[in-house]
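Open the model in your viewer and keep the selection panel at hand. The stops below go from one chain to the contact between chains, and then to individual side chains.

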Amino acid sequence: MRSVLNKILTAMRGGVNELGEAVVDSQGNRILEQELRDSEHELKQAKQELAALMAESASLARQIRSEQDSASKREQDARKAIAAGQEDLAREVAERIVGHERRVADLAQTRELLQQRIAGLKERVQRAEKQLADYRRELQVVKTNERVLRTTAQIDTNINSQKSSLSTARETLERIRERQAREEDRQTASATLEKELTGADLDEKLKAAGIDSEQDAVNSVLARLKDSPAQ
Amino acid sequence: MDIQTLTLALGDSTHAGRTFDVMPIVGEEPVLQVTVSGAEETPVYVTVTDTQILCLVYLFDEQELNPERLSELHENMLRISVPMPLSALGKTGDHYVAYGALSPTSGAAEIMQELVTLAENSIDLLQTFEDYLA
């Protein structure tokens with residue numbers, strides 16, 4: 001991942017990224033995609049192999065159990081033969097028991113080796129899965145970068161072809177200020193209109209001219225009270 | 001969410017009292033220019049990829065900036081990028097951009113929220129960084 005990010009930064013600083021030119025060249029991109037496919041393939045194979053080995057191990061375990069069962073059954077037979085004084089028969093059964101026990105030992109050894117291979121393979125699967133996730137992340141960065149470059153190149157071409165050319169930040173700021181001023185004017189106008197509608201503006205004008213109806217009313221009440229003093 | 005669905009969804013929707021004017025940008029890549037009402041000066045460019053919906057606003061170009069104050073501007077852009085709601089600051093080619101990325105599974109409401117926020121943020125950013133223009 002670090003190498004991909006470094007490649008992108010180096011190319012950017014070098015000014016390679018003119019008009020959608022791919023920063024990590026398409027060859028590098030193809031290599032990354034090939035690595036991704038290889039990893040996916042390896043993972044699939046390893047998983048199939050793992051499944052086969054686990055099935056084999058389970059089958060071996062079954063065979064071992066069956067041999068052990070046979071051996072213990074034969075042991076009972078041998079005891080019975082000894083009890084009945086049939087020494088020769090007991091020896092024959094004992095030979096069978098030895099055969100079962102040898103097969104158990106052989107099968108157990110094979111299974112032990114198999115378990116080791118399974119453990120190794122499980123580790124390989126985990127490694128492949130992690131590597132796959134890494135490649136996918138890298139590829140995503142590379143592809144997003146290319147997409148952004150192509151997209152901005154397309155926007156630039158389009159705007160230039162409309163002959164309106166990409167407006168400068170100063171022009172944009174000017175337009176923003178004009179709109180904001182217009183909005184402010186509208187707000188002031190609607191506040192004025194509201195005052196007119198409610199008559200608030202007339203009250204203000206009368207007050208400014210020293211004509212305050214509220215004050216007049218208070219004064220007239222005071223005058224009335226003074227005319228009829230408390231008894 | 002693909003470009004066609006988005007075009008249709010934005011065309012006759014309002015979000016937080018805003019309407020959207022959508023214009024496809026001709027070319028190989030599916031790109032839309034979306035103008036948000038009340039923030040018409042900062043059109044948002046939208047492109048949809050497998051992994052994200054990318055919304056971009058051009059702020060200013062490198063050659064428009066006062067070269068002596070460039071590192072101070074960069075420092076301030078980095079600092080302001082973190083607390084700014086939904087948008088981040090970046091650079092592609094010579095363009096300094098404000099951008100936001102959404103999951104491709106985002107719905108129309110999330111995308112409209114992003115578009116309105118990004119357009120408004122961009123106006124605030126332009127006015128904030130005006131002093132750094134040459």
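A residue counts as buried when its relative accessible area is under 20%, as exposed when that area is over 50%, and as partly exposed in between. By that cut-off Glu130(B), with a relative accessible area of 18%, is buried. Keep in mind throughout that this is a predicted model.

**Stop 1: chain A**

Select chain A and colour it by secondary structure. Six helices and zero strands appear, and from the N terminus on the order of elements is α-α-α-α-α-α. Chain A has 231 residues, of which 24% count as buried. The area that chain A exposes is about 16,600 Å², and 51% of it comes from carbon and sulfur atoms. If you display contacts in chain A between residues at least 6 apart in sequence, 78% of them join residues at least 24 apart.

**Stop 2: the contact between the chains**

Now select the residues of each chain that touch the other. Chain B gives 33 residues to the contact and chain A gives 26 residues. About 2,600 Å² is buried between the two chains, with carbon and sulfur atoms giving 54% of that area. Which three residues supply more than any others of the area that chain B buries against chain A? They are Glu29(B), Glu41(B) and Tyr58(B), which supply 23% of it.

Turn on polar contacts next. Between chain B and chain A there are 17 residue pairs in polar contact, counting pairs with both residues at pLDDT 80 or more. On the side of chain B that touches chain A, the elements giving two or more residues are strand E2 (18-25), strand E4 (44-48), strand E5 (53-61) and helix H3 (108-128). E5(B) provides the largest share, five residues. By residue type, that side of chain B divides into 17 nonpolar, ten polar and six charged residues.

**Stop 3: salt bridges across the contact**

Side chains of opposite charge can pair when their charged atoms come close. Over all chains the count is 23 salt bridges, and between chain B and chain A the count is six. Three of the pairs between the chains are visited below.

*Glu41(B).* Select Glu41(B), in the loop between E3 and E4 of chain B. The side chain of Glu41(B) forms a salt bridge with that of Arg179(A), at 2.7 Å from N to O. The two side chains are also listed as a polar contact, at 2.7 Å. Expand the selection to contacts, leaving aside neighbours within four places in sequence: Glu41(B) touches Thr172(A), Arg175(A), Ile176(A), Arg179(A) and Ile123(B). Is Glu41(B) buried or exposed? Glu41(B) is buried, because its relative accessible area is 8%.

*Glu29(B).* Move to Glu29(B), which forms a salt bridge with Arg150(A), the closest N and O atoms lying 2.6 Å apart. This pair crosses between chains, from the loop between E2 and strand E3 (31-36) of chain B to helix H3 of chain A. Glu29(B) has a relative accessible area of 10% and is buried, whereas Arg150(A), at 34% relative accessibility, counts as partly exposed.

Keep Arg150(A) selected and add Glu146(A). These two form a salt bridge as well, with the closest N and O atoms 3.9 Å apart. Where do the partners sit along helix H3 (residues 87-161) of chain A? They are four residues apart in that helix, so about one helical turn separates them. Glu146(A) is buried, with a relative accessible area of 12%. Add Arg147(A) to complete the group: Glu146(A), Arg147(A), Arg150(A) and Glu29(B) are linked in a network of salt bridges.

*Glu130(B).* End at Glu130(B), whose side chain meets that of Arg170(A) in a salt bridge, at 4.0 Å from N to O. Glu130(B) lies in the segment after H3 of chain B, while Arg170(A) belongs to helix H4 (residues 169-198) of chain A, so this pair joins two chains. Arg170(A) has 40% relative accessibility and therefore counts as partly exposed. Its partner Glu130(B), at 18%, is buried.

How values were computed
Residues are numbered from 1 along each chain as its sequence is written. Chains are lettered from A and ligands numbered from 1 in the order in which they are written. This is a predicted model: local features need pLDDT of at least 70, side-chain atom pairs count only at pLDDT 80 or more; totals for chains, interfaces and linings use all residues. Side-chain values use heavy atoms; hydrogens and water are left out. Contact means heavy atoms within 4.5 Å. Buried area is the accessible area (1.4 Å probe) that two parts lose on being put together, summed over both. A polar contact is a pair of N or O atoms within 3.5 Å; within protein, one must be able to donate a hydrogen and the other to accept it, and residues adjacent in sequence count only if both atoms are side-chain atoms. Ala, Val, Leu, Ile, Met, Phe, Trp, Tyr, Cys and Pro count as nonpolar, Asp, Glu, Lys and Arg as charged, and the others, Gly among them, as polar. Buried means under 20% relative accessible area, exposed over 50%, partly exposed in between (1.4 Å probe, protein chains only). Accessible areas come from the Shrake-Rupley method with a 1.4 Å probe; for residues, only the protein chains shown count as cover.
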